[in-house]
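Student: I would like to learn how to read the features of a model like this one, taking them one at a time. Could we work through it together?

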Amino acid sequence: MSGQYEIGMIGLGVMGRNLVLNIADHGFSVAGYDKDQSQLQAMREEAAGRPVLAAQSPAELVSALRQPRAVMMLVPAGPPVDAVIGDLLPLLKPGDLIIDCGNSFFKDTDRREQMLAGSGIHFMGAGVSGGESGARHGPSIMPGGSKKAYGQVQSVLEAAAARVGGDPCVTYLGPRSAGHYVKMVHNGIEYAVMQLIAESYDLMKQGLGLSAAQMQAAFGNWNQGEAASFLLEITVDILARVDDDTGNPLVNMIRDEAKQLGTGMWTSQDAMNLGVPAPAMDAAVAMRNLSAFKSERLAAAGALGGAGHGLEGGRDQFLSRLRDAFYAAVIIAYAQGMAHLKRASDSYGYGLDLEAVARIWRGGCIIRASLLETIRAAYRQRPDLPNILLDREIGGEARKRLDALSDVASAAARLHIPSPAFMACLAYFDGYRSARLPANLIQAQRDYFGAHKYERVDAEGVFHTQWT
Ligand code: 6PG
């Protein structure tokens, strides 16, 4: 039996429901299912008047769909995704498509696609970014998998996605786990930029003694310029928010222990696997981990003396240096993420078009920022650009703010205000533009203790020295 609904959605948490409403608002009929009756009921109420079916079982959902069927799922990454696939498998036919819209680990996506390949059922891993409001009003969607299967759902995804200058923030990215990989690195960049904003906040608060209102004004000012971005915008809103109970800025009432679902850590881990440096992401993950050691930090603050002293000198001058340092560091963090994607594309055979990645990140997603327009232009001019820092305009923007970045990094070091993301970005930039690094000494040491051999600057071949 075949129904007439255009697309299905399994998993009707807030993200799933909002995506259903978004898709239905664009005139597509959607069948939704969740094993939790209260979620199903919530969708029924929210979707009243729209072409939306609340299915009572996966079987009812599948039989309501037009063939070939397309079923999206938005459930937590890990075993729940396998469980939904297990439910759907006996109900679907060759040519049908399952789309995992969650933050699945890319190797799981590869495994699932392979597992389904024999059955003729297509599988697509599609990263969806933008949180609740993105899902409702237009997310950035990063699909990978079978290109033919993408054609089945292209019109739905393009209608639901955010738009910038008429372009939908979705495009087919590449085979297998390409979409989930791009989403993972998106989140790595998200972690790095969040950490840079947090370090800026700490420098303003501890270093300059600014109030929440003053910090709000400073970040608001940055957000008017070249660094304009969604993450700065929400930071301004956050700093304005007063706690109803205490009258304090709400941010001051929040425990300083950051949680994480894992995508930032995966980005760092896979950058290591690929041998591609991603120190801003590493620093961001490390600082979230360190923040979780609250009781040890409290003990260490007592035993070792708390960090953070006031900054001497002009406040306005430092704020202006910080603004420049922030933008330089953000450019460098995006550079790490894009270079990571380039390496992953070559190593895993994704064939990524980085101009397209920058294009679909300009709207809807958490890392949307004015900078992405410039990054997109750089790849349009040179699609095989190894690193955006080699683009004249982008490299120049970072270069001209480099003194500010080193001023901020040294002020942070002097004040003992931990700012590893700023420092990592500075060191990456300086390392990347070093014609000569001290790796010659490391090679000598490796050869000394392990006879690992080295290459010479003046001759071909490999050499070993009896060092003692
Ligand atoms: C997005 C977000 C989204 C989610 C993060 C949170 O792009 O919409 O990245 O996917 O909010 O996964 O990640 P952490 O819990 O790891 O901070």
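**Reading a buried serine, a ligand shell and unusual backbone angles**

Tutor: Let us begin with burial: in this predicted model, Ser 291 counts as buried because its relative accessibility is 12%, and buried means under 20%.

Student: Where does Ser 291 lie, and what does its side chain reach?

Tutor: Ser 291 belongs to helix α12, which covers residues 279-291, and its side chain reaches the backbone oxygen of Arg 288 at 2.7 Å. Leaving aside residues up to four places away in sequence, Ser 291 touches Asp 256, Glu 257, Ala 258 and Arg 297.

Student: Which residues come nearest to the ligand?

Tutor: The ligand has 14 residues around it, and those that come nearest are Asn 103, Ser 129, Glu 190, Tyr 191 and Arg 288. By character, the shell divides into three nonpolar, eight polar and three charged residues, while helix α8 (residues 178-207) supplies its largest share, five residues.

Student: Why does the ligand lie between domain 1 and domain 2?

Tutor: One looks at which domains give residues to the shell: domain 1 (7-176) and domain 2 (183-432) both do, so the ligand lies between them.

Student: Which polar atoms of the protein lie at short range from oxygen atoms of the ligand, given a cut-off of 3.5 Å for a polar contact?

Tutor: Among them is a polar side-chain atom of Glu 190, at 2.7 Å from a ligand oxygen, and an N or O atom in the side chain of Asn 187, at 3.1 Å from a ligand oxygen. The backbone takes part as well, since a backbone N or O atom of Leu 261 lies 2.8 Å from an oxygen atom of the ligand. Taken alone, the ligand exposes 410 Å², of which the protein buries 78%.

Student: How should I read the backbone angles, and where is the cis peptide bond?

Tutor: As a general idea, most peptide bonds are trans, and most residues other than glycine have a negative phi. Here the peptide bond from Gln 67 to Pro 68 is cis, with omega near -10 degrees, and Pro 68 sits in the loop between α3 (58-64) and β4 (70-73).

Student: Which residue in the loop between β9 and α8 should I look at for its phi?

Tutor: Arg 176, in the loop between β9 (167-168) and α8, has a positive phi of about 50 degrees although it is not a glycine; with a relative accessibility of 29%, Arg 176 counts as partly exposed. Ala 451, likewise not a glycine, has a positive phi of about 50 degrees and is found in the loop between α20 (439-450) and β10 (454-455). Ala 451 counts as partly exposed at 41% relative accessibility.

Note on methods. Residues are numbered from 1 along each chain as its sequence is written. This is a predicted model: local features need pLDDT of at least 70, side-chain atom pairs count only at pLDDT 80 or more; totals for chains, interfaces and linings use all residues. Side-chain values use heavy atoms; hydrogens and water are left out. A residue is near a molecule or strand if one of its heavy atoms lies within 4 Å of it. A polar contact is a pair of N or O atoms within 3.5 Å; within protein, one must be able to donate a hydrogen and the other to accept it, and residues adjacent in sequence count only if both atoms are side-chain atoms. Accessible areas come from the Shrake-Rupley method with a 1.4 Å probe; for residues, only the protein chains shown count as cover. Helices (H or I, at least four residues) and strands (E, at least two) are DSSP runs, numbered from the N terminus. Ala, Val, Leu, Ile, Met, Phe, Trp, Tyr, Cys and Pro count as nonpolar, Asp, Glu, Lys and Arg as charged, and the others, Gly among them, as polar. Domain bounds come from an automatic or database domain assignment. Buried means under 20% relative accessible area, exposed over 50%, partly exposed in between (1.4 Å probe, protein chains only). Contact means heavy atoms within 4.5 Å.
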